[in-house]
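Grab a pencil and work through these exercises with the picture beside you. Each task comes with a solution, taken one step at a time.

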Amino acid sequence: MKAYSLFKKDWHSELRTRYAINALAMFILVTISVILFSIGNEKISEYLTGGLLWVVIFFSAMSGLSRAFVSEEERGTTLTLQLLASPSTIFTGKFLFNLVLVFLMNIAITILYSALFESFVIRSLDLFLIAFVLGNFGIAVSSTIIAAIISKASSKGTLYPVLSFPILLPLILTLLELTKFAIDGDALADSWVEIAVLVCYDVIMLTASYLLFDFIWKD
Amino acid sequence: MNSYNLSLNNVTKIFGRRLVFKKISFEMNSGNIYGVSGNNGSGKSTLAKIIAGVISTSSGKIEHMIGEKKIIPEELHDHLGFVSPYLFLYDEFNAEENLYHFAKIRGINPDNERIERLFELFNLADRKKDLLKGYSSGMKQRMKFIFALQHSPRLLIFDEPTSNLDNKGKAAVYQLIEEESKDNLVIVASNEDSDLELCTSVIDVEQYKKK
């Protein structure tokens, strides 16, 4: 409940300041426009559109999700949060905020993408939805803990994508594979290994994040 | 009401290769006002943060007790009120919204009667609907006291409590410190003589700097 209250505070704050929402919306629009302009009238393969979807998602996440902790550090309110709740409550609240933001962002990207790219056709919708949900969860948990780490650094902007790349790489590679299967129309039963990898990734990242956060949060 | 006791046992803090202070041992009990003094950069704020559980010690132990019950670090924030110049509230919210969110994150319902009294005491009642970004530095400092006292904490740590305050504000703070110290433990970290005059006992951080 305390974590949900922190989420509500962050959401209320986001609606007032629009730190993350504006950055994400602009990034999504600009990236998709650049891809559209660079393709022109060329017909690109279905697999390539599937790959580009996760490239857009990865870089959009890089542009907005660090705000969860960076904005607190920049405004000097980190100490205020430390005085209000335990580290696990803070992490859960921030994770919830990033989770909602990732889902909203990725739903918007996928809808835009489906409308603008003819060759992006998903034949196995159930498989894509499972990959989408597990992938979003993984992106949210990873980006939250990375944001907590980089918020203490002086060069936050450059450090975030650099640190995110190796951590998110196994997740993105698995998602690319599953998207390819979903485009091919493969059955869910044929993709259980990749789905298991996603579940393991999410569980490991979540557990490691809760264990690590105490040390990151206390100077 | 159970007494609040705090014991510092050989508390040492080192940042990198710089020794901030070494082996501070002290017992503090509710009903008293304790001071932490020292020059600028001597480590007063560091000690205040360590007592508040915000930063860890390099070595040594701190124990918070209410009566016979030991307070675990994860629950310390429920019993703690903290004011300092490096504490910031949310500028995009007004005073009431700030306090509402803080109460909810603490897991309590806002005590509106207490909050109203605090607004009156700190002369902010007519500005409580204004966003904090429109507040002067003195008003923000007074707002920090309301934040610190909102949940009736047993341990109050005031780091430079009168910075940015006018004479009226200072008088209100001194009156509040006297009142709160009757049942609670109050620690004042400052190098202002007028702040330290209130204290029953003072720790001089400068004395704990020798290697």
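**Exercise 1. Work out how helices α2 and α3 of chain A are arranged.**

Step 1: start with the geometry. In this predicted model, helix α2 (residues 19-39) of chain A packs against helix α3 (residues 46-64) of chain A at an angle of about 150°, and their axes are 9 Å apart.

Step 2: turn the angle into a word. Angles over 145 degrees count as roughly antiparallel, so α2(A) and α3(A) are roughly antiparallel to each other.

Step 3: look at the handedness. The crossing in which α2(A) passes α3(A) is right-handed.

Step 4: find the residues that meet. On the α2(A) side they include A20(A), L24(A), F27(A) and I35(A), and on the α3(A) side L52(A), V56(A) and F59(A) are among them. Sorted by class, this contact has 10 nonpolar, 4 polar and no charged residues.

**Exercise 2. Do the same for helices α7 and α9 of chain A.**

Step 1: get the distance and the angle. Helix α7 (residues 125-150) of chain A and helix α9 (residues 192-217) of chain A have axes that come within 9 Å and cross at roughly 20°.

Step 2: name the arrangement. Angles under 35 degrees count as roughly parallel, and α7(A) and α9(A) are therefore roughly parallel to each other.

Step 3: check the crossing. It's a left-handed one where α7(A) passes α9(A).

Step 4: list some partners. α7(A) brings, among others, I130(A), L134(A), F137(A) and V141(A), while α9(A) offers residues including L198(A), Y201(A), D202(A) and F213(A). The class count for this contact is 17 nonpolar, 5 polar and 1 charged residues.

**Exercise 3. Zoom out and describe chain A as a whole.**

Step 1: count the elements. Chain A has 9 helices and 0 strands, giving the pattern α-α-α-α-α-α-α-α-α along the sequence.

Step 2: check the overall size. A compact globule of 219 residues would have a radius of gyration near 17 Å, and chain A comes out at 18 Å, which agrees. Its C-alpha trace spans about 55 × 35 × 30 Å along the principal axes.

Step 3: look inside. Of the 219 residues in chain A, 43% are buried. Take the contacts in chain A with a separation of 6 or more: 87% of them are between residues 24 or more positions apart.

**Exercise 4. Find where chain A touches chain B.**

Step 1: count both sides. 20 residues of chain A are in contact with 20 residues of chain B.

Step 2: pick out the elements. On the chain A side, α1 (2-17) and α5 (78-84) are the elements that give two or more residues. The largest share, 7 residues, comes from α1(A).

Step 3: sort by class. The side of chain A that touches chain B has 6 nonpolar, 8 polar and 6 charged residues.

**Exercise 5. Now describe chain B and its first helix.**

Step 1: take stock. Chain B has 6 helices and 9 strands, and 41% of its 211 residues count as buried.

Step 2: check the size. For 211 residues, a compact globule would have a radius of gyration near 17 Å; chain B has 17 Å, which agrees. The C-alpha atoms of chain B fill a box of roughly 50 × 35 × 30 Å along the principal axes.

Step 3: go to helix α1 (residues 44-51) of chain B. It's mostly covered, with 7 of its 8 residues buried. Among those buried residues are K44(B), L47(B), K49(B) and I51(B).

Step 4: see what covers it. The buried residues of α1(B) pack against strands including β1 (4-15), β2 (18-29) and β8 (185-189) of chain B. After α1(B) comes G53(B), with a positive phi near 80°.

**Exercise 6. Which two strand residues of chain B have a positive phi of about 50° without being glycine?**

Step 1: recall the background. Most residues other than glycine have a negative phi.

Step 2: take N10(B). Its phi is positive, about 50°, although it is not a glycine, and N10(B) lies in strand β1 of chain B. With 12 other C-beta atoms within 10 Å, N10(B) is exposed.

Step 3: take K23(B). This non-glycine residue also has a positive phi of about 50°, and K23(B) sits in strand β2 of chain B. K23(B) has 13 other C-beta atoms within 10 Å, so it is partly exposed.

Notes. Residues numbered from 1 in each chain as written. Chains lettered and ligands numbered in written order. Predicted model: local features only at pLDDT ≥ 70, side-chain atom pairs only at ≥ 80, totals over all residues. Helix = DSSP H or I, 4+ residues; strand = E, 2+ residues; numbered from the N terminus. Rg over C-alpha atoms; globule rule 2.2 N^0.38 Å. Buried ≥ 20, exposed ≤ 12 C-beta atoms within 10 Å, placed from the backbone. Contact = placed C-beta atoms within 7 Å. Nonpolar A, V, L, I, M, F, W, Y, C, P; charged D, E, K, R; others polar. Axes fitted to C-alpha atoms, helices over the stretch in contact; angles between N-to-C directions. Parallel < 35°, antiparallel > 145°, perpendicular 65-115°, else oblique. Left-handed = near helix turned anticlockwise from the far one by under 90°.
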